[in-house]
Amino acid sequence: MAELRDIKYNNREFSDFRDQLIEYTKNYFPDSYNDFSPSSPGMMFIEMASYVGDVLSFYQDTQLQETFLTHAKDPKNLFNLAYMMGYQPKVTGVSEVELELSVVIAASGSGDIKPNWSAAPIVNANTVVQSVDSSKTNFLIDSPIDFSFSSSYDPTNVIIHSVDSNNNPTEFKLVKKAKAFSGEVKTKTAAISRAEKFKTITITDTDIIGVLNVTGSDSTVWTEVPFLGQDTVFLDETNSSADSDTVPYIMNLRKVPYRFVSRFKSNGDLDIQFGAGTLSSDDTTILPDASTIGNGLNQGSSNYNGTGSLTTAYDPSNFTYSKAYGTAPTTNLHIQYLVGGGISSNVPANTVTNILTISGTNTSNVTITNPNPAAGGRDGDTVEELRENSLRSFNSQNRIVTLQDYTVRALSLPAKFGSVAKAYVVQDQLTNSSKQNSIIDNNPLALSLYVLGYDNDRKLTTATSTLKANLRTYLSEFMLLTDSISIKDAFVVNIGVNYEVIVRPNYASRDVLLQCNIAIQDHFKIQKRSINQPINLSEIYTILDKIKGTQTIQNVEIVNLTSNEGNYATHGYDITGATKNNIVYPSFDPCIFEIKYPEVDIKGRVTTL
């Protein structure tokens, strides 16, 4: 029977291995070998074994370290870990700029003060403009621009450009603003001879931003998704309803069997991967039911019990175990992708003026410039940025969990689907239908989302039904399965501010009142106010006291303005009854205080002691 040896497993370095091997030899082979001088042949073998142990220990530690995001150093491993955490690394940072597009058109008739809107340009998407500085950076406008359309989030400014001898307008200048980002469109054609599961195409280029579109030679359009298991995307359709001026598009969910994902490599290359479906028909449209669950499993295996019931866990994104994750391409693919970005794309103001590509209607006289410099261009993620961004992405994961998540996500609705001006989320309360205003229960998983929109003058208004429908569709992709939400209208309470001030000697009363009005307007800017935010009168006193030339603020009064006084909200509110300890509290039903017309609703008066 072999003798049990006392072996230690905690040695990690060369010296530890050597000392342990020497001690091991002395204990178990005292008569066979006892020359441990540095030049002896036995020490050569002991040190060689220690060297091998040290090298193996080093690589073991390194490989283990590379499996942890907080300690990994190899860019290849960091990229893989980032995608596992749900973060897409950036190999270049694009520069963004706000462009100003303008065109001069004639008046609609002699002496008419209206532009001839039929001559207003419509600029198609993917317009390319180049800077005239030394970098020659290309900027892409990826959204269409309609000069004849104007709304609160996409206004068209109309300026009189020229007049006739009678001072009647003859030409108007139309000005629109649009976002653009640095990028150049390139094309790659991939030859596909046969269907291949999870086909991967690699694009090798410099400063790749991402994929613009993928189309097959049979005109099939492929859609990019975050992961192949996601088979639905948001689809925008033109809104033809009465509220199309504020909500130009309707949001719908569309099933996309032809989909792909893109993944950057650490060397800057981009991999595009497609699905595994090889059937001639679209098997991703199969709806899961009791007769289709587990159809793809081997019924003769241990996945089924004796009664034929499914006993294995299944993936909800591939419910029927069919060939989902998208269809594999069978025809040649034409891939358009964007390159650009970097530090050099941050060009100065008034340099993005050279139009390279433009299409649409009446676009021949359109001019473009950038009043402000382009900013945001930078190199890709550093190792530390990649690590920190991945950790942040893993924590958020695009889920809506807290009340703050709902608020932020609602306000993040893309503007083309409507503008959510204000959002406020509270726990929903169930009321007794037989006894009015009697709360009988609380549903901890049901929420009420109160929203308001903007009109064309950027005043608060009730959200339209289309906007609410778009918001409901948008939130459904991020909500937890067990959550329920009701989208409701918040109330707008229009108010005015009356105040009395004593002016210091040697100060003009008019100038002091003007500065006080400006300060109150800034305090009550609707962009700074939120639903159910109270009004602190003490803050207004403090703000007015800081105005140069004010000696004493005698009185500050908040008054309610309703439709009886003009074009205000119909909801009346008892300001006096809601005021306690110099604070005006909102109502039980969520509301927001708004000064609708600051120029006339803020009234100051100079008084004396």
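**Note on selected local features**

1. Threonine 579 stands opposite valine 584 in strand S30. The model is a predicted one, and the points below concern its strand pairing, two backbone angles, a surface patch and its cysteines. The pairing that holds this residue pair joins S29 to strand S30 (residues 583-584), in the antiparallel sense and over two bridges.

2. The pairing of S29 with S30 belongs to an open sheet of three strands, whose order is S27-S30-S29 and whose pairing is antiparallel. Its edges are formed by strand S27 (535-536) and strand S29 (579-580), each of which pairs on one side only.

3. Asparagine 167 merits a check of its backbone geometry. Although this residue is not a glycine, its phi is positive, at about 65°. Asparagine 167 is placed in the loop that runs between strand S7 (157-163) and strand S8 (169-182). With a relative accessible area of 59%, asparagine 167 is classed as exposed, because the class begins over 50%.

4. Asparagine 362 is a further residue other than glycine with a positive phi, here near 55°. Its place is in the loop between strand S19 (360-361) and strand S20 (367-369). How is asparagine 362 classed by relative accessibility? The value is 36%, and asparagine 362 therefore counts as partly exposed, since that class lies between the limit of 20% for buried and the limit of 50% for exposed residues.

5. A nonpolar patch lies on the surface, with an area of about 640 Å². Its members are Tyr51, Val52, Val55, Leu56, Phe58 and Tyr59. One of them, valine 55, is found in helix H2, which covers residues 41-65. Valine 55 has a relative accessible area of 30% and is for that reason partly exposed.

6. On the cysteines, how many disulfides does the structure hold? The number is zero. A disulfide would be a covalent bond between the sulfur atoms of two cysteines. In the model, a pair of cysteine sulfur atoms would have to lie within 2.5 Å to count as one.

7. Are cysteine 516 and cysteine 591 buried or exposed? Cysteine 516 has a relative accessibility of 0% and so counts as buried. Cysteine 591, with a relative accessible area of 1%, is buried as well. Both assignments follow because buried means under 20% relative accessible area.

How values were computed. Residues are numbered from 1 along each chain as its sequence is written. This is a predicted model: local features need pLDDT of at least 70, side-chain atom pairs count only at pLDDT 80 or more; totals for chains, interfaces and linings use all residues. Side-chain values use heavy atoms; hydrogens and water are left out. Patches are made of residues with over 30% relative accessible area and no salt bridge: like charges are joined within 9 Å, nonpolar side chains (Val, Leu, Ile, Met, Phe, Trp, Tyr) within 5 Å. Accessible areas come from the Shrake-Rupley method with a 1.4 Å probe; for residues, only the protein chains shown count as cover. A salt bridge is a side-chain nitrogen of Lys or Arg within 4 Å of a carboxyl oxygen of Asp or Glu. Helices (H or I, at least four residues) and strands (E, at least two) are DSSP runs, numbered from the N terminus. Buried means under 20% relative accessible area, exposed over 50%, partly exposed in between (1.4 Å probe, protein chains only). Two strands pair if DSSP finds at least two bridges between them.
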